[in-house]
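This report walks through the packing, the pockets and the charged pairs of one protein model. Keep the sequence and the coordinates open while reading.

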Amino acid sequence: MIKNQVTDVIAQRRSIRKYKAEPVTEEQLSTILECGFLAPSGSNCQNWHVTVVRSGDFLSRLSKAFAQMMMKNENLPDRMKERFSDPDFSVGFGAPVVLFISADGPRDNACFLAENIVLTAHSIGLGTCYLGGIMAYLNTEEGKPFVEEMNLPEGCELLFGITVGVPDEAPEAKPRDFTKVNYI
């Protein structure tokens, strides 16, 4: 691989699931968001929306509601039952900020925005983790009040979340399968 600042950031970024109790500064947050908004989008439609959640109360209520829903699943593996029954369970792994990404139209544009966000966060010393499982709750009738509280623009569909915070772990890279390519 050709080594440079960009390839190094891509190669070094990891999903972080443990955060220090330190805030994300306004400068860090605005940098992350601005770089996210610099992502490409089809026909420059920029059909994405970011809801920044810093409210510990919101995240706590969401964590409890999500855990209660998950615990109703009779087929939930024991390790997951243990996780969701922990009174300190946090849907955002204790991160001080969770960004909820939504879009009105093609989802791929929001994915470009999200990747810019996570790479920028890593480049300035912050950690991130994509949150997909929570959508199983938020896209139900039970989860609807939380989505309404997010006050999404008309027509936007909530897609996923991204935690943001100061990492309190440094996980090793998981193996990658570099054979998943073909050439014509």
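The model is predicted. Start at L138. Setting aside neighbours within four places in sequence, L138 is in contact with L62, F100, G143, K144, F146, V147, M150 and L158.

**Nonpolar cores**

L138 belongs to the largest nonpolar core, a set of 27 residues. L138 ranks among the residues with the most contacts inside this core, together with L62, F66, F100, I134 and Y137. Several elements build the core. Helices α3 (56–71), α4 (78–85), α6 (135–138) and α7 (144–150) and strand β2 (97–103) each give at least two residues. Which helix supplies the largest share? Helix α3 does, with eight residues. A second core is separate and holds 25 residues, including L29, A39, W48 and L113. In soluble globular proteins, nonpolar side chains tend to be buried together.

**Pockets**

The largest pocket has a volume of about 400 Å³. Its lining counts 16 residues, and R13, R14, A173, K174 and R176 are the closest to the centre. Helices α1 (5–12) and α5 (107–123) each contribute at least two lining residues. By class, the lining has nine charged residues, six nonpolar and one polar.

The second largest pocket has a volume of about 180 Å³. Here 15 residues form the lining, with R83, F93, L131, G133 and I134 nearest the centre. At least two lining residues come from each of α3, α4 and β3 (127–131). The classes are 11 nonpolar, two polar and two charged. I134 thus appears in this lining and also among the high-contact residues of the largest core.

**Salt bridges**

The whole structure contains six salt bridges. Three of them are listed here.

| Pair | Closest N to O distance |
|---|---|
| E26 and R54 | 2.4 Å |
| R61 and D57 | 3.0 Å |
| E142 and K72 | 3.3 Å |

Take E26 and R54, whose side chains meet in a salt bridge. E26 sits in helix α2 (residues 26–37), and R54 sits in the loop between β1 (48–53) and α3, so the pair ties together parts 28 residues apart in sequence. E26 is exposed, at 55% relative accessible area. R54 is partly exposed, at 38%.

R61 and D57 make a salt bridge of another kind of placement: both lie in helix α3, four residues apart, with about one helical turn between them. R61 is partly exposed at 31% relative accessibility. D57 is partly exposed too, with a value of 49%. The pair is part of a network of salt bridges that links D57, R61 and E149.

The salt bridge between E142 and K72 joins two loops. E142 lies in the loop between α6 and α7, and K72 in the loop between α3 and α4, so parts 70 residues apart in sequence are tied together. Is E142 exposed or partly exposed? With a relative accessible area of 43%, E142 is partly exposed. K72 is exposed, at 58%.

Helix α3 recurs across these sections. Helix α3 gives the largest core eight residues, helps to line the second largest pocket and carries both R61 and D57.

Note on methods:
Residues are numbered from 1 along each chain as its sequence is written. This is a predicted model: local features need pLDDT of at least 70, side-chain atom pairs count only at pLDDT 80 or more; totals for chains, interfaces and linings use all residues. Side-chain values use heavy atoms; hydrogens and water are left out. A nonpolar core is a set of buried Ala, Val, Leu, Ile, Met, Phe, Trp, Tyr and Cys residues joined through side-chain atoms within 4.5 Å. Buried means under 20% relative accessible area, exposed over 50%, partly exposed in between (1.4 Å probe, protein chains only). Contact means heavy atoms within 4.5 Å. On a 1 Å grid over the protein atoms alone, a cavity is a set of points where a 1.4 Å probe fits but cannot get out, and a pocket is an open set with protein on both sides within 12 Å along at least five of seven lines; lining residues have an atom within 4 Å of a point. Grid points are joined across faces, edges and corners, and a volume is the space filled by probe spheres set on the points. Ala, Val, Leu, Ile, Met, Phe, Trp, Tyr, Cys and Pro count as nonpolar, Asp, Glu, Lys and Arg as charged, and the others, Gly among them, as polar. A salt bridge is a side-chain nitrogen of Lys or Arg within 4 Å of a carboxyl oxygen of Asp or Glu.
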